[in-house]
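Welcome, and please open your viewer. We will go from stop to stop, selecting a few residues each time and looking at what is there.

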Amino acid sequence: MIVDVIVGGLYGDEGKGKVVSHLGNVNKYDYVFRVNASTNASHSVQLEGSDKIIVTKQLPSVFFNDDVKFVVGPGAVLNLSALKEEVYSRPDCLMNKVRIASTICLLIEPYIKKTVDSSISKSLGSTNQGTGVAVVARTRRHCLRLYDVQNCLQGRITIDDLIDKIVFTSMETDSNYYSKKGKSYFKPIAENLVREYEEIVKRIGEFSVDYTQFLNSIPTNAKVLIEGCNGIMLDNLHGLNPYTTSASTAINALMNGANISPYEINESYIICTGYFCCLNKRPFITEMTAEDAEKIYCNNDEVDNAEGMRRRIGWCDLPTLRKALTGHKCAKLIINKLDIMKDLEKVKICTKYVLADGRKVDYMPDNLLDVESATPIYQEFEGWGDISKATCKEELPENLLKFLKFIEDETNFKIEYIGNGRTQKALIKL
């Protein structure tokens, strides 16, 4: 296989959907994979010639590539209800084009209920999609899997057997809450899963596959794109802990989620943005003043598609970006959302942090207390105005090129593309 990988470099919300959809068509991939996250990762794509924004929550973000196959690997978590809604709302034909690992962990109502009621979710922030609880259930080996529903449909187990599996995983998830629920509570959950599976098959054909058999059937010369979800700073091991997602989001983790060797990687891209944004309550050292943030909001509403929360806005933060880029030496950068910054007369980049003890550091510290006490050192740049009509590097303003060159010099990473609009084709190769 010839494998390219795209990941977010920040806290999610970097515009990955647009990039994946564009490159997925231009590079004519045979397969596009999603291998991590669930409905907590919502990628939006504005199709060329349309004002409509399409949100993908379970499937890869490529549209109108007739030859591509869409794959959801076992590293992801699957919400059948969200998948049904998505396949019925997509404008392109997906019949016989979707392959989902039969071993994938299903996200079910008891996991969502546990997340909404969780004190940890309330204190650290959550999109309340149930992903973290599902990942815990998978790790502790009591989750419901796609093949359980498939087995029920094929008559290999009964609906009562499926109900018993749901009762078991629910009790393991929260015995105090679910021990009070009778079997009548769990029966509709099981019946809905079976019904949703059947309705999805009507729309796209049989989609559940033996993943090992499927991987080994892919031709050696096939072109594959892996679409990362969330962002590296949300990585459970290497991000800003404890304000992370429930799993790893970096490139090496994606390869594990797909069960594809890292030796097969051809190109890897890390997407970040000209300004930073994040959700919830994490420390945000470069957060803008309300006046500057409003100049962003007036050009882009910055609302999360999973839960409808408004994102916080901050200046480009090199210590954070350097932390995210650690371990990704061969990747190339893509900088998005530069067009949205058109009303900023001055643009700042944080180059270092000053910690409480007076130390200046180039990387975001691992110790949360150091992060919470840090203050930014800024370098200021002139704004660049409207770049939405530019079609090549030569048409970009000098002020923007200086901004980009500074990021390259400070990170030692090459910027391969920039984004100058929301539609699929709004990318300029540098």
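Select R322 to begin. In this predicted model, is R322 buried or exposed? R322 has a relative accessible area of 8%, and residues under 20% count as buried, so R322 is buried. To place it along the chain, color helix α13, where R322 is found. Next, show the side chain of R322 and follow it to the backbone oxygen of T351, which it reaches at 3.0 Å. Leaving aside residues up to four places away in sequence, R322 touches T351, D362, Y363 and E410, so add those four to your selection.

**A pocket that helix α13 helps to line**

Keep helix α13 on screen and bring in α11 (251-258) and β11. Each of these three elements supplies at least two residues to the lining of the second largest pocket. Which of them gives the most? That is α11, with three residues. The pocket has a volume of about 380 Å³. To center your view on it, select I251, N252, G327, H328 and K329, which lie nearest its centre among the 17 lining residues. If you color the lining by class, you will find nine nonpolar, six polar and two charged residues.

**From strand β11 to a salt bridge**

Strand β11 (residues 265-273) also takes us to the next stop, E267. Select E267 together with K332: their side chains meet in a salt bridge, with 3.4 Å from N to O. This pair links distant parts of the chain, since K332 sits in strand β14 (residues 332-336), 65 residues away from E267. How open is E267 to its surroundings? Its relative accessible area is 23%, so E267 is partly exposed.

Now select R359 and D370, another pair whose side chains meet in a salt bridge, here at 4.0 Å from N to O. R359 lies in the loop between β15 (346-354) and β16 (360-361), while D370 belongs to helix α14 (residues 368-373), and the two are 11 residues apart. Both partners are partly exposed: R359 has a relative accessible area of 42%, and D370 has 23%.

For a group instead of a pair, select D13, E302, R311 and K337, which are linked in a network of salt bridges. How many salt bridges are there to find in total? The count comes to 23.

**Over to helix α2**

One more salt bridge leads us to another part of the model. Select E199 and K84, whose closest N and O atoms are 3.3 Å apart. Why does this pair tie together separate parts of the chain? E199 lies in helix α9 (residues 183-204) and K84 in helix α2, so the bridge joins parts that are 115 residues apart in sequence. E199 is partly exposed at 25% relative accessibility, and K84 is partly exposed, also at 25%.

Stay with helix α2 (residues 80-89) and select A82, which is found there. A82 has 15% relative accessibility and therefore counts as buried. Which residues does A82 touch, if those up to four places away in sequence are not counted? They are T39 and Q58. You can also draw a line between the C-alpha atoms of A82 and S38: these residues are 44 apart along the chain, and the line should read 9.5 Å.

**Looking for enclosed spaces**

Q58 and S38 both appear again at our next stop. They belong to the lining of the second largest cavity, along with R34, N36, A37, K57, V72, A76 and V77. About 40 Å³ of space lies in this cavity, and its lining divides into four nonpolar, three polar and two charged residues.

Keep N36 and A37 selected and add T131, S246 and A247. Of the 13 residues that line the largest cavity, these five are the closest to its centre. The largest cavity has a volume of about 50 Å³. Color helix α5 (residues 131-139) as well, because it gives the most to this lining, with three residues. By class, the lining holds four nonpolar residues, eight polar ones and one charged one.

How many cavities of 30 Å³ or more does a search of the whole structure find? There are three, and with two of them visited, this is a good place to end the tour.

Definitions and conventions:
Residues are numbered from 1 along each chain as its sequence is written. This is a predicted model: local features need pLDDT of at least 70, side-chain atom pairs count only at pLDDT 80 or more; totals for chains, interfaces and linings use all residues. Side-chain values use heavy atoms; hydrogens and water are left out. On a 1 Å grid over the protein atoms alone, a cavity is a set of points where a 1.4 Å probe fits but cannot get out, and a pocket is an open set with protein on both sides within 12 Å along at least five of seven lines; lining residues have an atom within 4 Å of a point. Grid points are joined across faces, edges and corners, and a volume is the space filled by probe spheres set on the points. Helices (H or I, at least four residues) and strands (E, at least two) are DSSP runs, numbered from the N terminus. Ala, Val, Leu, Ile, Met, Phe, Trp, Tyr, Cys and Pro count as nonpolar, Asp, Glu, Lys and Arg as charged, and the others, Gly among them, as polar. Buried means under 20% relative accessible area, exposed over 50%, partly exposed in between (1.4 Å probe, protein chains only). Contact means heavy atoms within 4.5 Å. A polar contact is a pair of N or O atoms within 3.5 Å; within protein, one must be able to donate a hydrogen and the other to accept it, and residues adjacent in sequence count only if both atoms are side-chain atoms.
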